[in-house]
Amino acid sequence: MSVLNTYQLYSYKKDPTIPSFDDNMHLLIMDGDCVLCSHGARIISAMDKKEVFKIAPVKTPLGTALLKHYCLNPSDPQSWLYIANGRAHSSLDAIIRVGQQCGGIGHILTVFRILPVSIQDWLYQRMARNRYKLFGYTDMCALPDAKLQKRLLK
């Protein structure tokens with residue numbers, strides 16, 4: 001069981017350090033400097049036909065505050081957070097849930113559910129820790145993609 005499951009639903013609403021945000025949406029907190037994350041944000045933007053996702057880079061006040069609220073380190077490359085319906089998810093579990101919500105080819109990610117959580121976490125940690133080496137740096141917020149720009153919370 002994920003440590004994030006121990007938090008009450010909408011626990012962030014009681015935290016005065018969290019900037020106000022519309023929690024009727026599905027919120028992703030992801031690295032704004034990683035090529036892999038930036039590419040993933042563009043894919044989510046293209047697949048999210050219902051336009052329910054918003055994205056806050058880790059370095060934004062909202063991203064940093066939410067990560068800290070859930071005891072995740074904003075400077076740790078493993079910090080990736082998905083908040084939907086008042087509940088937070090992280091690691092590969094969050095990515096699988098995002099794929100399911102987007103639908104279509106995103107459902108392919110559910111194949112990772114057959115793996116024990118410990119292996120899912122191990123895979124995610126290996127990718128997260130080496131993402132800059134493998135994929136490089138970029139600036140998600142500087143991307144010219146207008147569809148993605150309207151989803152970014154700054």
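In this predicted model, Cys-102 has a relative accessibility of 14% and therefore counts as buried, the limit being under 20%. Cys-102 lies in helix H3. Leaving aside residues up to four places away in sequence, Cys-102 touches Ile-44, Met-47, Asp-48 and Phe-53. One of these contacts, Asp-48, is 54 residues from Cys-102 in sequence, yet the two C-alpha atoms are 5.2 Å apart in space. Another cysteine, Cys-37, is also buried, with a relative accessible area of 10%. For readers wondering about sulfur bridges, the count of disulfides comes to zero.

Helix H3 itself is worth a closer look. It has 12 residues, and the distance from its first C-alpha to its last is 17 Å, close to the 16 Å expected at 1.5 Å a residue. Buried positions in H3 are Ser-91, Leu-92, Asp-93, Ala-94, Ile-96, Val-98, Gly-99 and Cys-102. After the helix comes Gly-103, which has a positive phi, near 80 degrees.

The nonpolar interior comes next. The largest nonpolar core holds 21 residues, and those touching the most other members are Leu-28, Phe-53, Ile-55, Trp-80, Tyr-82 and Val-98. Two or more residues of this core come from each of strand S1 (26-30), helix H1 (35-47), strand S2 (53-57), strand S3 (81-84), helix H3 (91-102) and helix H4 (117-135). Among these elements, H3 gives the most, with five residues. Val-98 offers a handy view of how the parts meet: beyond residues up to four places away in sequence, Val-98 touches Leu-28, Ile-44, Phe-53, Trp-80 and Tyr-82. A second core, separate from this one, has 17 residues, including Ile-18, Phe-21, Ile-29 and Leu-67.

Aromatic side chains add another layer to the picture. The whole structure contains four aromatic pairs. In one of them, the ring centres of Tyr-10 and Tyr-12 are 6.1 Å apart and the planes meet at 65 degrees, so this pair is classed as edge-to-face, a label given to angles over 60 degrees. The two partners differ in their surroundings: Tyr-10 is partly exposed, with a relative accessible area of 31%, whereas Tyr-12 is buried, at 3% relative accessibility. Another pair joins Phe-53 and Tyr-82, whose ring centres are 5.9 Å apart and whose planes are at 35 degrees, so the geometry is tilted. Because Phe-53 lies in strand S2 and Tyr-82 in strand S3, this pair ties together parts that are 29 residues apart in sequence. Both rings of this pair belong to buried residues: the relative accessible area is 1% for Phe-53 and 3% for Tyr-82.

Returning to the tyrosines, Tyr-10 and Tyr-12 form one aromatic cluster together with Phe-21. Phe-21 also belongs to the second core. The face of Tyr-10 has a charged neighbour as well, since Lys-13 lies over this ring at 4.9 Å from its centre, which is within the 6 Å limit applied here.

Taken together, these descriptions keep returning to a few residues. Phe-53 is a contact of Cys-102, a contact of Val-98 and a partner of Tyr-82 in the tilted pair.

Methods. Residues numbered from 1 in each chain as written. Predicted model: local features only at pLDDT ≥ 70, side-chain atom pairs only at ≥ 80, totals over all residues. Heavy atoms only, no water. Core = buried A, V, L, I, M, F, W, Y, C linked by side-chain atoms within 4.5 Å. Buried < 20%, exposed > 50% of the residue type's maximum accessible area, 1.4 Å probe, protein only. Helix = DSSP H or I, 4+ residues; strand = E, 2+ residues; numbered from the N terminus. Contact = heavy atoms within 4.5 Å. Disulfide = S-S within 2.5 Å. Expected span 1.5 Å × (residues − 1). Phe/Tyr/Trp six-rings, centres within 6.5 Å; stacked < 30°, edge-to-face > 60°. Lys NZ or Arg CZ within 6 Å of the ring centre and 35° of its normal.
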